[in-house]
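Here is a structure worth walking through at an easy pace. Please have the sequence and the coordinates open side by side as you read.

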Amino acid sequence: MSLTTLKTLRSASVATVFGATLIFSGCSKSDAPKDTPASPAARAESSNSEIANKEALLQLIAEFRAAVDAKDYDRVVEISMPPKFLGYFAEMAGTKPGEMRTAIVGQMGAIMGQVQSFDYAYDEDNIRFETLPDGTVFARMPLDVTMVMAGKTIKAKDHNIGLKENGKWYLVRVSEPELARMFKEAYPEFKDTEFAQQQMVNAE
C-alpha cells in the first residue's frame, strides 16, 4: 500500500473517529446571500421543517453515542461518513467504497483502543441551520469533548456539520483545513462556505 493511500486512510479514520464528537465554536458565518423576507406562511413552513430536522439530528446524536459506547465502529462510520464523501476517499485511495469503509472501521478500533476515557456534549441549543444558494440545507453543530489518551487529558472545542444526503442525515467533521478542502472537492456546492477550525488543549 502506498504512502498516499496510508495517509488517505488515516485522514478518513480520524475524520470518522471524531466525526460526531469534536465540534466547535458556535455558528460561523455563511457566505450565502441574504434571502428576501419570506411570507408568514413560508416562515411557518421553514420553522416546522427546521424543528423536524433538529429532532432528526438529536436522534442521530443519541444513536452515535450509543454506537460509540458499544464500540460499534461500523455504525459510527455509517453515521459520520456519507456515501459521497466515502466514495471520494475511496477514489483517492484507488479502492472501492466498501473496502475503504472496512479499513476505516479497523483503524478506528485501533485508535479508540488507545483512548482511556471519551466524553462529549453537543450544545443542542446552538445548533443552527443554514441554506446554500442551491437550496442545500445543513446544520452547524458546536460540541465540547474531553478525552483521556496515554494518560493525558485533552479538551477540545470543535464543530461538525449536519449534512443530509439522499434523504438521510449524517454528522460530518470538516473542522481541519485539509478535511474542509477535501469535503469541498466532494461537495462543490460548499466551495464558498466557511467552516470553523478545531481548537484542542492539553488539560494535563
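The paragraphs below go from the overall layout to a helix pair, then to the salt bridges and a few individual residues.

Before anything else, please keep in mind that this is a predicted model. The chain contains 6 helices and 6 strands. If you follow it along the sequence, the elements come in the order α-α-α-α-α-β-β-β-β-β-α-β. Of the 204 residues in the chain, 42% are buried. How much of the contact pattern comes from residues 24 or more positions apart? Among contacts in the chain with a separation of 6 or more, such pairs account for 69%.

Let us turn to a pair of helices. Two packed helices can be described by the angle between their axes and by the distance between those axes. Here, helix α3, spanning residues 73-80, packs against helix α5, spanning residues 97-112, at an angle of about 115°. The axes of α3 and α5 are 9 Å apart, and α3 passes α5 in a right-handed crossing. Which residues make the contact? From α3 come Tyr73, Asp74, Val76, Val77 and Glu78, while α5 contributes Arg101, Ile104, Val105, Met108, Gly109 and Met112. Sorted by class, the contact of α3 with α5 has 7 nonpolar residues, 1 polar residue and 3 charged residues.

Helix α3 also brings us to the salt bridges, of which the structure holds 11. One of them joins arginine 75 to glutamate 63, with 2.4 Å between the closest N and O atoms. Arginine 75 belongs to helix α3 and glutamate 63 to helix α2, residues 40-69, so that this pair links distant parts of the chain, 12 residues apart. Is glutamate 63 buried or partly exposed? With a relative accessibility of 28%, glutamate 63 is partly exposed, because buried means under 20% relative accessible area.

A second salt bridge takes us to the strands. The side chains of lysine 157 and aspartate 144 meet there, at 2.7 Å from N to O. Lysine 157 sits in strand β4, residues 152-165, and aspartate 144 in strand β3, residues 137-149, so the pair ties together parts that are 13 residues apart in sequence. Both ends fall into the partly exposed class: lysine 157 has a relative accessible area of 39%, and aspartate 144 has one of 38%.

A third salt bridge is formed by the side chains of glutamate 176 and arginine 173, at 3.0 Å from N to O. Its two ends make an instructive contrast. Glutamate 176 is partly exposed at 27% relative accessibility, whereas arginine 173 is buried at 2%. Some salt bridges also share partners, and in this way Glu63, Arg75, Glu78 and Lys168 are joined into one network. Two of these names may look familiar: Arg75 and Glu63 are the pair with the 2.4 Å separation. Glu78, for its part, is among the α3 residues in the contact with α5.

Charged side chains appear again at strand β2, residues 128-131, where glutamate 130 has its place. Glutamate 130 counts as buried, with 14% relative accessibility. A polar contact of 2.7 Å joins its side chain to that of arginine 140.

Next, look at strands β4 and β5. Histidine 159 is found in strand β4, and its relative accessible area of 0% makes it buried. What lies 3.4 Å from a polar atom of the histidine 159 side chain? The backbone nitrogen of alanine 196 does. Valine 172, in strand β5, residues 168-173, is likewise buried, at 1% relative accessibility. The C-alpha atoms of valine 172 and histidine 159 are separated by 9.1 Å, and the two residues are 13 apart along the chain.

Finally, take a look at the loop between β3 and β4, where glycine 151 is placed. Glycine 151 counts as partly exposed, at 47% relative accessibility. Its C-alpha atom is separated by 9.1 Å from that of valine 115, a residue 36 positions away along the chain.

Technical notes: Residues numbered from 1 in each chain as written. Predicted model: local features only at pLDDT ≥ 70, side-chain atom pairs only at ≥ 80, totals over all residues. Heavy atoms only, no water. Axes fitted to C-alpha atoms, helices over the stretch in contact; angles between N-to-C directions. Helix = DSSP H or I, 4+ residues; strand = E, 2+ residues; numbered from the N terminus. Left-handed = near helix turned anticlockwise from the far one by under 90°. Contact = heavy atoms within 4.5 Å. Nonpolar A, V, L, I, M, F, W, Y, C, P; charged D, E, K, R; others polar. Salt bridge = Lys/Arg side-chain N within 4 Å of Asp/Glu carboxyl O. Buried < 20%, exposed > 50% of the residue type's maximum accessible area, 1.4 Å probe, protein only. Polar contact = N/O pair within 3.5 Å; in protein donor to acceptor, adjacent residues only side chain to side chain.
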